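Me: I have a model open here and would like to talk through its surface and its strands before I set anything up. Could you take it with me piece by piece?

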Amino acid sequence: MQTGIKFKISLIILIFSIILPFVASKLSTSKFSKESYEEIISFELPPSFNTTAKKEKADLISDPFRLKQRVDTLEKDKAAPTLKMVYKGKHRYALIGDNCLREGEKLGEYKVKKILLDKVLLVDKKGEELWLKLEN
């Protein structure tokens, strides 16, 4: 007896799935939605529309917590690397932070330009120089 009920339910679902699209196509859209659609399409932006505000809103949506700005600020606030030791042998080496470097090697965004006995010259990509003095 349960199979008969399942068959009837399946048959009703089938009939509704065939009839429903035809009924839906015969229904007309409301006057409100047609008018709204036409109004939206014909809307023009005023000539003084502020595109920078729009960009700021888009940036806020893509990065709501402003993580990129925070990371940039943290990188700028980082203390300069510290020169711990200078070694002079066949080549000069400098121990900067935990890195042992020679002239010409890179340390992050800096390049080791010159190693002297008591200080090291670092140059960044912009050409700005940073002298590190040997700590006591």
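Me: Which residues gather in the patch of positive charge on the surface?
Reply: In this model, which is predicted, the patch of positive charge on the surface brings together Lys106, Lys111, Lys113 and Lys125.

Me: Where is Lys125 found?
Reply: Lys125 is found in the loop that runs between strand E6 (119-124) and strand E7 (129-133). Its relative accessibility is 79%, and because exposed means over 50%, Lys125 counts as exposed.

Me: And how do E6 and E7 pair?
Reply: The two strands pair in the antiparallel sense, over five bridges. Going through some of the partners, Lys119 stands opposite Lys133 in E7, Val120 has Leu132 in E7 as its bridge partner, and Leu121 stands opposite Trp131 in E7.

Me: What about the hairpin, which residue there takes a positive phi?
Reply: That is Gly127, with a phi near 95°, in the hairpin of E6 and E7, which has four residues between the strands.

Me: Back to Leu132 for a second, is it buried or exposed?
Reply: Leu132, which lies in strand E7, is buried, with a relative accessible area of 5%. As for its surroundings, the C-alpha atoms of Leu132 and Leu122 are 7.6 Å apart in space, while the two residues are 10 apart in sequence.

Me: How many residues of E6 are buried?
Reply: Five of the six residues of E6 are buried, so the strand is largely enclosed by the rest of the structure. For the chain, buried residues make up 11% of the 136 residues.

Me: Which strand is joined to E6 by five bridges and precedes the hairpin with three residues in between?
Reply: That is strand E5 (residues 110-115), which runs antiparallel to E6 and is joined to it by five bridges. E5 and E6 form a hairpin with three residues between them, and within the pair Val112 stands opposite Leu122 in E6.

Me: So what is the order of the strands in the open sheet?
Reply: The open sheet has four strands in the order E4-E5-E6-E7, with antiparallel pairing. Strand E4 (106-107) and E7 stand at the edges with a single partner strand each, so one side of each of them is left without a neighbour in the sheet.

Me: Where is the place of Glu109 in this?
Reply: Glu109 has its place in the loop between E4 and E5, and because its relative accessibility is 48%, it counts as partly exposed. The C-alpha atoms of Glu109 and Asp124 are separated by 5.7 Å, with the two residues 15 apart along the chain.

Me: Changing topic, how many salt bridges does the structure hold?
Reply: The structure holds one salt bridge, in which the side chains of Asp98 and Lys84 meet at 3.8 Å, N to O. This pair links distant parts of the chain, 14 residues apart, with Asp98 in the loop between strand E2 (92-96) and strand E3 (99-102) and Lys84 in strand E1 (residues 83-88).

Me: How do Asp98 and Lys84 count in terms of relative accessibility?
Reply: Asp98, at 73% relative accessibility, counts as exposed, whereas Lys84, at 41%, counts as partly exposed.

Me: Which residues form the nonpolar patch on the surface?
Reply: The nonpolar patch is formed by Phe7, Leu11, Leu14, Ile15, Ile18, Ile19, Phe22, Val23 and Leu27, which together have about 900 Å² of accessible area. One of these residues, Phe7, is found in helix H1 (residues 2-26), and Phe7 is exposed, with a relative accessible area of 56%.

Me: Last one, how many helices and strands does the chain have, and in what order do the elements run?
Reply: The chain has four helices and seven strands, and from the N terminus on its elements run α-α-α-α-β-β-β-β-β-β-β.

Key:
Residues are numbered from 1 along each chain as its sequence is written. This is a predicted model: local features need pLDDT of at least 70, side-chain atom pairs count only at pLDDT 80 or more; totals for chains, interfaces and linings use all residues. Side-chain values use heavy atoms; hydrogens and water are left out. Patches are made of residues with over 30% relative accessible area and no salt bridge: like charges are joined within 9 Å, nonpolar side chains (Val, Leu, Ile, Met, Phe, Trp, Tyr) within 5 Å. Accessible areas come from the Shrake-Rupley method with a 1.4 Å probe; for residues, only the protein chains shown count as cover. A salt bridge is a side-chain nitrogen of Lys or Arg within 4 Å of a carboxyl oxygen of Asp or Glu. Lys and Arg count as positive and Asp and Glu as negative; His and the chain ends are not counted. The place of a charge is taken as NZ of Lys, CZ of Arg, CG of Asp or CD of Glu. Buried means under 20% relative accessible area, exposed over 50%, partly exposed in between (1.4 Å probe, protein chains only). Two strands pair if DSSP finds at least two bridges between them.
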